Amino acid sequence: MEINLNKLLLSLSYTLDFVEMDILGVSSNHSKRVAYIANTLGKQLNMDEKERFDLVACCVLHDNGVTEYMLKEAATTKTSKRKLVLENVKEHCIIGEENVADYPFLTDVTNVIKYHHETYNGKGFFAKEKDEIPLMSQLIFFGDRLDNVFNLNNTDYPKICKINKYVKEQSGKLFSPIIVDTFLEVSDKTSFWLDLNDDFIYNGITRTIPNINMTMSWEELEQVTKIFSLVIDNKSAFTLRHSQGLAAKAETMGKYYKKDNIEILKLKIAANLHDLGKLAISNDIIDKNGELDETEFYLIKQHTYYSRISLSNIDEFKDITEWACNHHEKLDGSGYPFGLTGDKLDFNSRLIMCLDIYQALMEERPYRKGLTHEKSMSILRDMITDGLIDGGIVEDIDVVFT
Ligand SMILES: [Fe+2]
Ligand SMILES: [Fe+2]
Ligand SMILES: [Fe+2]
Ligand SMILES: [Fe+2]
């Protein structure tokens with residue numbers, strides 16, 4: 001299949017950007033803005049299309065290690081200083097680099113994510129300096145820093161002057177003189193600043209990034225979405241294997257139903273991404289030790305809507321989007337976010353619905369231990385009696401996983 005991987009990543013980044021908003025307090029659309037700046041400067045610096053294509057991917061993924069690092073940190077400190085510590089630790093760079101090891105880059109991007117916090121004068125986490133830092137890392141750091149310090153969603157003329165002054169002052173310190181000079185050239189363009197606005201950034205980025213279609217198999221696409229499943233699962237200690245576990249069960253059931261290989265891979269992709277929208281939900285709610293109150297439940301119900309927003313721009317994922325995003329609907333119309341009824345829920349949507357509940361019941365939660373297969377089955381059967389989920393599928397789950 002022909003696919004533009006950057007378009008896929010940018011769609012998925014819709015929810016990834018929420019993580020930075022929540023944890024770092026940075027602006028919305030952060031990774032898109034970083035990608036826009038890095039790509040614009042990269043073009044000016046004569047980077048070729050393939051390099052810039054990879055640069056954009058690295059920009060979208062630059063902080064993919066954040067959720068996993070946060071989790072380790074929360075486990076050891078048991079504090080809520082989440083917002084402060086993150087950018088001061090190098091672990092998220094190392095984890096982020098490891099997570100993209102299997103990503104199908106077109107060029108060599110070794111260490112690009114690992115060194116995205118290095119400063120030109122060698123005062124970063126790994127004390128790399130000048131040309132020791134890959135140019136791509138330098139460009140990511142530049143865009144990241146500017147958006148974090150100045151919030152580039154809103155810029156007026158006085159702010160642009162301030163930014164230019166700051167960048168000049170940092171020449172040879174935080175940033176390489178070449179990047180500073182290149183930036184000052186593009187900073188003169190009205191379009192550069194307008195493109196960074198929330199309302200225009202999607203248009204700006206799709207207009208300027210290289211348009212490269214790659215032939216990819218569904219196996220390779222499944223690998224790419226696995227990166228996101230890691231980020232999602234690492235959002236909370238209680239969901240550490242949730243998406244990955246669901247994907248494994250979806251595969252097993254797909255084989256049981258003798259589905260063809262492509263459909264099974266699509267089911268796995270749906271499982272990998274079904275809780276993508278959870279990235280947009282605060283950990284204060286996801287990790288709450290106890291029952292959610294009405295306000296909190298209202299908020300958590302939004303996650304499947306966000307999953308859908310993220311996935312719906314990907315033309316190749318039409319059926320996958322349905323299977324992934326209907327997982328909290330119920331046959332009697334009492335589910336969320338749409339309240340769809342059984343006649344609107346196809347077999348694979350029902351399958352993911354049932355497996356998601358089964359997977360969740362077997363996992364530990366803040367307020368209970370993981371349940372046994374038997375106990376989980378009895379809860380699922382109660383839900384059949386209440387007209388909520390597909391009885392045939394539940395009995396098949398029992399046969400397959402006993
Ligand atoms: Fe970072
Ligand atoms: Fe960032
Ligand atoms: Fe969910
Ligand atoms: Fe789930």
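How far apart are the iron ion (ligand 3) and the iron ion (ligand 4), and which aspartate coordinates both? The two ions are 3.5 Å apart, and aspartate 275 coordinates both of them.

This is a predicted model, in which local features need pLDDT of at least 70 and side-chain atom pairs count only at pLDDT 80 or more, while totals for chains, interfaces and linings use all residues. Residues are numbered from 1 along each chain as its sequence is written, chains are lettered from A and ligands numbered from 1 in the order in which they are written, and side-chain values use heavy atoms, with hydrogens and water left out.

## The two iron sites

Donors here are N, O and S atoms within 2.8 Å of the metal (3.2 Å for Na, K and Ca), and because water is not among the atoms, sites may look incomplete.

| Ion | Donors | Distances | Angles |
|---|---|---|---|
| iron ion (ligand 3) | Asp275 (OD), His303 (NE2), His327 (NE2), His328 (NE2) | 2.2 to 2.3 Å | 84 to 169 degrees |
| iron ion (ligand 4) | His242 (NE2), His274 (NE2), Asp275 (OD), Asp356 (OD) | 2.2 to 2.3 Å | 81 to 170 degrees |

The arrangement around the iron ion (ligand 3) is irregular, and the site of the iron ion (ligand 4) is irregular as well. Four donors would count as tetrahedral if all angles lay between 85 and 135 degrees; four count as square planar and six as octahedral if opposite donors are over 155 degrees apart and all others between 65 and 115, and anything else is irregular.

Along the chain, the donors of the iron ion (ligand 3) follow the spacing D-x27-H-x23-H-H. Aspartate 275, in the loop between H14 and H15, and histidine 328, in the loop between helix H18 (318–325) and helix H19 (347–362), are 53 residues apart, and the pair links distant parts of the chain. The donors of the iron ion (ligand 4) follow the spacing H-x31-H-D-x80-D.

## A packed helix pair

Helices (H or I, at least four residues) and strands (E, at least two) are DSSP runs, numbered from the N terminus. Helix H20 (residues 373–385) packs against helix H21 (residues 391–401) at an angle of about 170 degrees, with their axes 10 Å apart; axes are lines fitted to C-alpha atoms, for helices over the stretch in contact, and angles run from 0 to 180 degrees between N-to-C directions. H20 and H21 are therefore roughly antiparallel, given that angles under 35 degrees count as roughly parallel, over 145 as roughly antiparallel, 65 to 115 as roughly perpendicular and the rest as oblique.
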